[in-house]
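Hi there,

Here is the structure I promised to pass on. Have a look at it first, and then read on for my notes.

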Amino acid sequence: MVLATVIAVMLVCYIIINNYYPTQTQYIEQSNRITIKNTERVLCAAIWIDDGNTYVHQPTNIESGFVVCGWRHGCCFEQLKAMERKYTATIQTQGFLTSKNRFLGRAEAREFVLASGQLDSTEFGNELYSEDLY
């Protein structure tokens, strides 16, 4: 009877230790997931239309105007067309949106993806294109 109780307690302790205290491999995997989760990455194409107005829910570094996002920049232009927005080349900036809700212009985005290790190289000179990402 005492032996059965000791075995049961040992079994419960073993289960608790294995479920609540990760092995070294599990700990490293968990740390890598946290690092990846907290790493800023370029996500998608975006176009910033600076019309001088203030809008809510815009990227953190955009004080005026609004940003539309899409898989490619052409998708963004189609959204603008569907919204029947008037825009000119002087007030629109093509770029990208990051996972930390920042808008980066094409040149800044290229520097960012190379410095962060998101990409090893780009194909189109000094600017980032969505074709470089995916």
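Below is what I found, from the overall layout down to single side chains.

Please keep in mind that this is a predicted model.

First, the general picture. The chain holds five helices and four strands, and their order from the N terminus is α-α-β-β-α-β-β-α-α. Of its 134 residues, 29% are buried. Among the contacts with a separation of 6 or more, 50% are between residues 24 or more positions apart. The exposed area of the chain is about 9400 Å², with carbon and sulfur atoms supplying 57% of that.

Next, the interior. Which residues form the largest nonpolar core? There are 10 of them: Val42, Ala45, Phe96, Leu104, Ala109, Phe112, Val113, Leu119, Leu128 and Leu133. Two elements, strand 1 (42-49) and helix 4 (106-116), each give two or more residues to this core. Helix 4 provides the largest share, with three residues.

If you want one residue to start from, try Val113. Apart from its neighbours within four places in sequence, Val113 is in contact with Val42, Gln118, Leu119, Leu128 and Leu133. Val42, Leu119, Leu128 and Leu133 are, like Val113, listed in the core.

Then there are the aromatic rings. The count comes to four aromatic pairs. One that I would look at is Trp71 with Tyr134: the ring centres are 6.1 Å apart and the planes are at 15°, so this pair counts as stacked, the cut-off for stacking being under 30 degrees. Where do the two partners sit in the chain? Trp71 is in the loop between strand 2 (66-70) and helix 3 (73-82), while Tyr134 is in the segment after helix 5 (130-133). The two are 63 residues apart, so the pair links distant parts of the chain.

Are these two rings buried or exposed? Trp71 has 54% relative accessibility and therefore counts as exposed, because the limit for that class is over 50%. Tyr134, with a relative accessible area of 35%, is partly exposed.

Finally, two arginines are worth a look in the viewer. Trp71 comes up again here, since Arg72 lies over the face of its ring, at 4.1 Å from the ring centre. In another such arrangement, Arg106 lies over the face of Tyr129, also at 4.1 Å from the ring centre.

Do write back if you would like to go through any of this together.

Best wishes

Notes: Residues numbered from 1 in each chain as written. Predicted model: local features only at pLDDT ≥ 70, side-chain atom pairs only at ≥ 80, totals over all residues. Heavy atoms only, no water. Core = buried A, V, L, I, M, F, W, Y, C linked by side-chain atoms within 4.5 Å. Buried < 20%, exposed > 50% of the residue type's maximum accessible area, 1.4 Å probe, protein only. Contact = heavy atoms within 4.5 Å. Phe/Tyr/Trp six-rings, centres within 6.5 Å; stacked < 30°, edge-to-face > 60°. Lys NZ or Arg CZ within 6 Å of the ring centre and 35° of its normal. Areas by Shrake-Rupley, 256 points an atom, 1.4 Å probe, with all protein chains shown as cover.
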